[in-house]
Amino acid sequence: MGDSTTSSRSVSPIAKRLRSRVRIGKRYCVLALFFALSCADASPAPQDREYGSGAFGRWTRDEYGLPAYEYEMDEEADPRAEWTSGDFGGAMVTRRDHWHLLGNDRTLALAYNHGHVELLSAEEGGAWVNAWDPDRNAYSGGFGYLRVGDTLLSTFFDDREGDAVFRRRFGTGYFEKEVRRREWEMRQTLYLPVGHDPVILSRLEIENEGAGDARASYFEYWGPHLQLVLGSESPEAGREHAAATYTIRTFYRRDVEALFAVHEGPEAPYRVVFLAPLGSSPAGIEMDATRFFGEGGRARPGGVVNGLAADPPRNGQGSPGSNAPCLAVQVDVELPARSARTLEFIFGYAPRMKDALELIEAYRRRADPFAETMEAWRAYVPSFEVPGEEWLDREMKWSAYSLRAAILSPAEGGRRAVSGFSSYQYFLGAGSYAGTRDVAGPLRDVSQYSMPFAFLDPEISREHLAVLSASVPQDPTLPWWHVGGLISPSDYALFFLWAGTEYVWATRDWGFLDVSLPFHDGGEGSFYDHLAAAYRHQDERVGTGASGLVRILGGDWNDGVALAAYLTEGADRNRVLEEGESTLNTAMAAYVYPRFAELVEARGDADLAAAIRERASALARALEGEWTGRWYTRAKLHGTSSVIQGDVFGDERMYLEPQPWAIVSGAAGEERGRSLLDNARRQLLEGEPCGARLVNEPVGHDVGGDPGEGADGGIWPLLNGHLVWAASRSDPSMAWDLFRRNTLACRAEAYPELWSGIWTSFDSYNSARSAHPGRTWEWWPMVDMNRMPATHPDPHFAPLYSLTKLVGISFDSRGLTIDPRLPFEPFRFATDLVSVTYGEEFMEGRYRPVAADRVQMRVRVSRSGPVRLRLESGHSTLMPADGFVGFEIDASPEAPAAWRLEW
């Protein structure tokens, strides 16, 4: 299973991978040929495969046909690897670390270019299981050493020796390192296996390419070092305090051939950390970091040079502040000439020793968890094929992977939700998944992230909504923001209503409306009851102000609007909270309310549905008063004396946030909508290589960034996604151009020397008007997004969701409409829920809802004459009306609906 030897007559692991690549390549060639024959010339231009690679490496497809980034930069020698971030004292620190997000449906890890990996525990707010802390002799782990005579190979890039050749790959679900020296080659693959297990697996492929037999020793190292994810005035101080409250007891159990580190103390969020070989027996072990590294340090550890003792002294116990423990194991291997061997190890955590032992035993029984994991990722990611632009398919697959890799679940069997919010979570501790309350992070974000999962894996979308329901109070007068502080958002219920309605329409999962879920303030109710309570909260507690607009309270999507008004612009805080109004919330509600009303009506409550529609109409009328002749205003403060922007935000400046919602809700109308798009093109897009600015002219209020940054004119992928959606309604060419501009590839082409925009990104990056374009924002002393300028889900959510709008997929109570808004044909879009292919003379699709239903289909066709409809049951001829044909079809998980239209 985990330990195998290949003889000199057999094929080496590398050769096997090459053969696998050929097989996969042939499979993709067949698909490409089919697509080319059915949809005209679809052969991608060669340069498109690596488009958007930036200066740090290049994009490829791996042997599973999945995107991978070959990290090729020597970060130690290349000045382009440097970047800076501040500490809490304001000092700037030069760094060269770049990282990649790994994850399964339970936990996640960060894999660093140097070679180490940090694993995150999701329990009780979150903690790093093996935090990097060189001052305490703790180097995280996820790397190892191969010793053959006087030859030493390390999978830690910084410690490569002599003529060693090193290669690194950030893959879909894995981190791969390959080092070659003389006749020896070693490849280490680290990955979180598919499923819910809080473990990371290390797979070693060792090859002897020499002409002689050899005996080698491999040493796997992990450094258990707890670091809590905390939010406080000084996170470092909080973590230092927490570190002093526990100790670590290490021991080796010979009966199970595994090493353990047990955390003891009231603030240790987990109890057992473990390391064990799978399929091989230890020749030596070490649990004391000082003894393992010795005088040679991390580059040439004494324990590696001299070998590890089979039963070392039991003095590995200590606190992180003193003698940091480690978990290290030696495995000896015999390697005949031109042969290879595979070793595997499991590292992870568990609340009890019993759980740890069960995990170890389970993985010793699994035949090939890496292959299982990769096949699962391949089945999950979407396809988006456009002739000549292969990189777009890569981008969508990578975004789907990155969004799911950010999922956390607080315990086995717990509900899953995306909770990976860059500096918000990993630095400040905000947004961590709280296992005691089953609530994840900022609720608007979790609501949004649920929606692409309806297409990719509907069960995850459903779990997101169940997590969100635990934050809904049954009493509408109670706040949704249960932590308190300066910000009391006014838009969370809107996002919840939007996401809940979208899920039910898309999946036909009517039964979920009746599932009983707990309210935040006690008691239980159906999911439909939670939606109704959210509407009551929005209508009664948030309510409307003097102008009939939705009140802003402490902030809408842009918390900085209210903060800026009273922190830096001289407004009265209490009056802002009581009287301020949001055109953004108003325009969004004008879209969300009619959709929710349709759901309410389908449930049989016609009176409530009528009341909701009337409320939506009133909001649309109120929004009419905010039209300046060029754009809609942003907010009203009602005489609170903002010294910078006056009583009305957005009267003299164009803010992006409300404009798309005014278009998609229909409140703007067709003519005004076109005018809005024209103004957005001139005011917000002009001069920007990769997206629309938040505001056309910076205010200079220094809340959420300097001018051209963050809330003062930065570029927010989420909002750009909304603008793509709005533009698709009347200007598909603009929508397509903006969609492409908001890809990671566009960022990499515009800012090739900024690593944090190539394979990962953050919620906002600085516009061309910033002193530091392409980087992310910072706001002292509260937030430094540059401290963790990566792993935010928004840049991955936005293109996935906006792509469904470009493809033209929409749902309602009756069924499915497909109305492509792309300025071209052919194309192919495929997910687990729905797939659509348009060629020059045909259109075909498939729909696989969560529950069986009779679905009304409405599909746009490319001609006005008769159209032949082909179903499994037969065929018929349809006549288009207004460019669409309509038909009904049965669909279920077991028997997805499939159709083909020919013209």
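1. An angle between a helix and a strand is taken here between axes, which are lines fitted to C-alpha atoms, and it runs from 0 to 180 degrees between N-to-C directions. In this predicted model, helix α22 (residues 794-807) lies across β26, β41 (827-830) and β42 (834-838), and the helix runs at about 130° to β41.

2. The three strands that helix α22 lies across belong to an open sheet of seven strands, ordered β26-β41-β42-β43-β48-β45-β46 and paired in the antiparallel sense. The edges of this sheet are β26 (383-385) and β46 (874-878), each of which pairs on one side only, and the twist from one strand to the next averages 10°.

3. At the β26 edge, three bridges join β26 to β41, the two strands running antiparallel, and E385 stands opposite R828 in β41. Strand β41 also pairs in the antiparallel sense with β42, over four bridges, with A830 opposite S835 in β42; these two strands form a hairpin that leaves three residues between them.

4. At the other edge, β45 (residues 867-871) and β46 are joined in the antiparallel sense over five bridges, and V867 stands opposite L878 in β46.

5. A further open sheet has four strands in the order β33-β34-β35-β36, again with antiparallel pairing. Its edge strands are β33 (550-551) and β36 (648-649), each paired on one side only. Between them in the order, β34 (residues 581-582) and β35 (residues 635-636) pair over two bridges in the antiparallel sense, and S582 of this pairing stands opposite A635 in β35.

6. The largest nonpolar core comprises 257 residues, and those touching the most other members are F384, W498, W759, L816, Y847, W899 and L901. Helix α11 (residues 492-507) gives the most to this core, contributing 12 residues. In soluble globular proteins, nonpolar side chains tend to be buried together. The surroundings of W759 may be worth viewing in detail: leaving aside residues up to four places away in sequence, W759 touches F56, W59, Y69, Y71, H98, W99, H100, F170, W398, L744 and H796. A second core, separate from the one just described, has 14 residues, among them Y145, Y221, A289 and C326.

7. A search of the whole structure for aromatic pairs finds 60 of them. In one of these, the ring centres of Y535 and Y593 are 5.1 Å apart and the planes stand at 70°, so the pair is classed as edge-to-face, given that the class requires planes over 60 degrees apart. Because Y535 lies in helix α12 (residues 527-542) and Y593 in helix α15 (residues 583-602), the pair ties together parts that are 58 residues apart in sequence. Y535 and Y593 are both buried.

8. The aromatic pair of F811 and Y847 is tilted, with 5.9 Å from centre to centre and 35° between the planes. This pair links distant parts of the chain, as F811 is in strand β39 (residues 809-811) and Y847 is in strand β43 (residues 842-847), 36 residues apart. Both residues, F811 and Y847, are buried, and Y847 also appears among the core members named above that touch the most others.

9. Two contacts between a charge and a ring complete the note. The charged end of R168 sits over the ring of F157, at 3.6 Å from the centre of that ring, while K805 lies over the face of W725, 4.5 Å from the ring centre.

Technical notes. Residues numbered from 1 in each chain as written. Predicted model: local features only at pLDDT ≥ 70, side-chain atom pairs only at ≥ 80, totals over all residues. Heavy atoms only, no water. Phe/Tyr/Trp six-rings, centres within 6.5 Å; stacked < 30°, edge-to-face > 60°. Buried < 20%, exposed > 50% of the residue type's maximum accessible area, 1.4 Å probe, protein only. Lys NZ or Arg CZ within 6 Å of the ring centre and 35° of its normal. Core = buried A, V, L, I, M, F, W, Y, C linked by side-chain atoms within 4.5 Å. Contact = heavy atoms within 4.5 Å. Pairing = 2+ DSSP bridges.
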